[in-house]
Amino acid sequence: MKDFRSLVEGERPYLLRYARLQLRDGHAAEDAVQETLLAALAGEAAFAGRSNLRTWLTGILKHKIIDALRRLAREAPLAEDEGELDALFDPRGHWRDAPGDWEDPDALLERKQFLEALERCLAGLPQKSAQAFMMREHLGFETDDICKELGVTPTHCWVLLYRARMALRECLQQSWFAK
């Protein structure tokens, strides 16, 4: 049997993917995962095996993510120093290096509206189908990991994924593409 420390460290890639999705900042995600691992190792006695290790670690990570979000909100960047701002322009007042192209605002709005339509369609799926789809397509889980998390066989997992994809296709066809 592996020792507790190596079991906890084995969950690090999953925790990091989860934190990156929530925080959208690689450094903040890494910090949250490190704090989670330290808390888990310090609280080994509290684990006692009553739940799945990944579930327990994810619970700790969720609290660390909330703390990180609060910290990021409090630590809003200060206004740039005028010297730094002046360095961006030449003596005639033109950009030294022109800013990159901004994305098309209409395309951004359309993408946002599409994602909202996708979320509505996902909400209409049965819970296990939606979970399987999000684990596979959004979190990048392998079939074995999805089966373990949802307590299903690989065949059942494939059926869930197929049904989720077909239902999403139909829903998006009606609510997004046909509009």
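**Exercise 1.** In this predicted model, work out how helix 8 passes helix 9, and which residues make the contact.

*Solution.* Start with the handedness: helix 8 crosses helix 9 in the right-handed sense. Next, the geometry. Two packed helices are described by the angle between their axes and the distance between the axes. Here, the axes of helix 8 (residues 127–138) and helix 9 (residues 143–150) cross at roughly 145° and come within 10 Å. Now pick out the side that each helix brings, taking contact as heavy atoms within 4.5 Å. Helix 8 puts in Lys128, Gln131, Ala132, Met135 and Arg136, while helix 9 answers with Thr143, Ile146, Glu149 and Leu150. Sort these residues by class and you get four nonpolar, three charged and two polar.

**Exercise 2.** Find the largest pocket and say which elements give two or more residues to its lining.

*Solution.* Look for a pocket of about 350 Å³. Its lining has 15 residues, and Tyr14, Tyr18, Thr58, Met135 and Leu139 sit nearest the centre. Then trace the elements: helix 2 (12–23), helix 5 (53–74), helix 8 and helix 9 each give at least two residues. Met135 is worth a second look, as this residue lines the pocket and also belongs to the helix 8 side of the contact with helix 9. By class, the lining splits into seven nonpolar, five polar and three charged residues.

**Exercise 3.** Do likewise for the second largest pocket: which residues line it?

*Solution.* The volume this time is about 300 Å³. Lining residues include Leu21, Arg24, Leu118, Phe133 and His138. Helix 2, helix 7 (105–123) and helix 8 each supply two or more. Class by class, that's six nonpolar, three charged and two polar.

Notes: Residues are numbered from 1 along each chain as its sequence is written. This is a predicted model: local features need pLDDT of at least 70, side-chain atom pairs count only at pLDDT 80 or more; totals for chains, interfaces and linings use all residues. Side-chain values use heavy atoms; hydrogens and water are left out. Axes are lines fitted to C-alpha atoms, for helices over the stretch in contact, and angles run from 0 to 180 degrees between N-to-C directions. Helices (H or I, at least four residues) and strands (E, at least two) are DSSP runs, numbered from the N terminus. A crossing is left-handed if the near helix is turned anticlockwise from the far one by less than a right angle, and right-handed if clockwise. Ala, Val, Leu, Ile, Met, Phe, Trp, Tyr, Cys and Pro count as nonpolar, Asp, Glu, Lys and Arg as charged, and the others, Gly among them, as polar. On a 1 Å grid over the protein atoms alone, a cavity is a set of points where a 1.4 Å probe fits but cannot get out, and a pocket is an open set with protein on both sides within 12 Å along at least five of seven lines; lining residues have an atom within 4 Å of a point. Grid points are joined across faces, edges and corners, and a volume is the space filled by probe spheres set on the points.
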